[in-house]
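Morning, everyone. I'll talk about aromatic rings today. Please have a look at the screen.

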There are 2 protein chains.
Amino acid sequence: MHIIELEEIKSRLAGVDLIAKIESGFVAYSLGRSVVPPVGELVLERGEVHIKYGYIHSQPYYVIKIASGFSGNEQLGLPTGDGCMLLFCQQTGQLKSVLLDQGHLTDVRTAVAGAIAAKYFAPKSTTRIGIVGTGVQARVQLEYLESVTECRSVLVWGRSQVKLDRYVRDMRNGRPNSGFRIETTRDIAMIQQQCNLIVTTTPSTKPLLDAENLRPRTHITAVGSDTPDKQEIDSEILLRADLLIADSIPQCQLRGEISQGLRNKTLDLESVIELGHVIHGTAAARTDDSQITVVDLTGVAVQDIQISTAVFDGDVT
Amino acid sequence: MHIIELEEIKSRLAGVDLIAKIESGFVAYSLGRSVVPPVGELVLERGEVHIKYGYIHSQPYYVIKIASGFSGNEQLGLPTGDGCMLLFCQQTGQLKSVLLDQGHLTDVRTAVAGAIAAKYFAPKSTTRIGIVGTGVQARVQLEYLESVTECRSVLVWGRSQVKLDRYVRDMRNGRPNSGFRIETTRDIAMIQQQCNLIVTTTPSTKPLLDAENLRPRTHITAVGSDTPDKQEIDSEILLRADLLIADSIPQCQLRGEISQGLRNKTLDLESVIELGHVIHGTAAARTDDSQITVVDLTGVAVQDIQISTAVFDGDVT
């Protein structure tokens, strides 16, 4: 049994083609080549915990991933996320590895899913990237977009100018060669008016993006909402999208933007396509720059299976 | 973050009053002082995995427990169970400890629940203990009965004489001073005819104990069935019991003997009482030696919370 610490995990990740790994996980999921039970959820006074688990039939391990979000940790000077990933042998059930990733692998696999969404759905003429939020996902999402778009103009929205300034400073220090030119705004309407590749990363429970400001030629990746009560996007936007994509249709019925749309509006589940089918080529990606597209990411265990397996033994694609 | 290996876990367990700890967990559960979401379950080709998790409000940690059963491991010379327990801070979500118990703590907390069942429900005039099965639970259940009954006459049932002989040998070697006089039988009817404290510990999916052989003055603890499809006891026995007790009423509606009774027979959930209420004194234990009593144990996360917390910091009762 191997225990792998965060530094070693980061070093192993460097050599992995994460987009290919996570794409193949989504394909396995959408083609029914995996077993992914419903997400386990624990709600505490100060935070929430998600347990995502399952296995891909052709692979050696089943994986159990724990990731928590305790937003009040910020005031304590602690990271808001923690967690770990556990790999067990599918044949014998034996524990093979504990990845003490402190939530890092969840952050990364979520950002990689955002990059995959942009790869298939961002308009060719992406002129400005809009990031909604200033937390960890607001950072890693932008980092992982670097390899899938040539656009380097970025507008970041946040409620706090202090956090916006910190975001700009950290992104410059952390990725000095990315070439991103980052400006900030506290006016959410600016994001929709100026940006056509928008990533929402907040834990908001009230819509931030409204249908009034919705423009053609826009792609939105909705990352923040992963529970039944969180919502960053007016459900009207989902109705008006030319293409509406879920990372997992069963999960998006219960949590995330699509679940809100199903409850609030006359959103028809038939209009939702699953990301793995697009990657596999059995459903269409964006075909026209004028289209409006929305990808709703709730986070699927196959992402955890793929990234943890890659870290552990690096030989599964 | 502390990683605690099996040998250290066993050594720390030695000093713990496990019956008191697990009893207080059941009371917290039945009085609504805990949060225990539905059991997570993963079914694989060769085995099954249960994820049990939750927290008791007054305590410092939330606990996630993974335990697997891969019965075919026996042929490979490997233990059939594996798993671990994870403790996280309720205030910040931070991972505090990984207990690499390889399923041992699950075995022990299950056996302790069996001892608690016997403590409250075994007839005073227990003349012979009947153990159904020859696996790990068949052993630990008997070990933990030692402190709650004076009876030392034991009859063990199994299908294989080789396994029965090994059981007797192992129990003699492992607990030379227990004083148990163990005989064996391959005739299941003998268990019901000779024993009045019966513990069933098999993964059977067909009833082993039948209503025809049911006698007054009998207590049965049903340990083996913890899924919707497993069953060791004819549901008619549940109907005829004077007292029918569940470790968790919500769980027993979905898995275990009571769930079978609800599906197969006209068992009324109103007639089921919860173990924590009996321990707390708000429901009656056995009041008369002539009664027939059945305790259905499916395994509740509060047991995992209590035993893992006791191992980790030893100061919570």
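What follows is a quick walk through ring pairs, and then charges over rings.

One thing up front: this is a predicted model.

How many aromatic pairs does the structure hold over all chains? Four. I'll take two, one from each of chains A and B.

Start with Y62(A) and F88(A). Their ring centres are 4.7 Å apart. Their planes meet at 10°. Stacked means under 30 degrees, so this pair is stacked.

Where do the two residues sit? Y62(A) is in strand β5 of chain A, residues 61-69. F88(A) is in strand β6 of chain A, residues 81-89. So the pair ties together parts that are 26 residues apart in sequence.

Buried or exposed? Y62(A) has 0% relative accessibility, so Y62(A) counts as buried. F88(A) is also at 0%, and buried.

Now chain B. Y61(B) pairs with F312(B), and this pair is edge-to-face. The distance is 5.4 Å centre to centre, with 70° between the planes.

This pair links distant parts of the chain. Y61(B) lies in strand β5 of chain B, residues 61-69. F312(B) lies in helix α11 of chain B, residues 301-313. That is 251 residues apart.

Accessibility again. Y61(B) has a relative accessible area of 11%. F312(B) has 15%. Buried means under 20%, so Y61(B) and F312(B) are buried.

Last, the charges. In chain A, R152(A) lies over the face of F180(A), 5.0 Å from the ring centre. In chain B, R152(B) lies over the face of F180(B), at 5.0 Å from the ring centre.

That's it from me. Thanks.

Technical notes
Residues numbered from 1 in each chain as written. Chains lettered and ligands numbered in written order. Predicted model: local features only at pLDDT ≥ 70, side-chain atom pairs only at ≥ 80, totals over all residues. Heavy atoms only, no water. Phe/Tyr/Trp six-rings, centres within 6.5 Å; stacked < 30°, edge-to-face > 60°. Helix = DSSP H or I, 4+ residues; strand = E, 2+ residues; numbered from the N terminus. Buried < 20%, exposed > 50% of the residue type's maximum accessible area, 1.4 Å probe, protein only. Lys NZ or Arg CZ within 6 Å of the ring centre and 35° of its normal.
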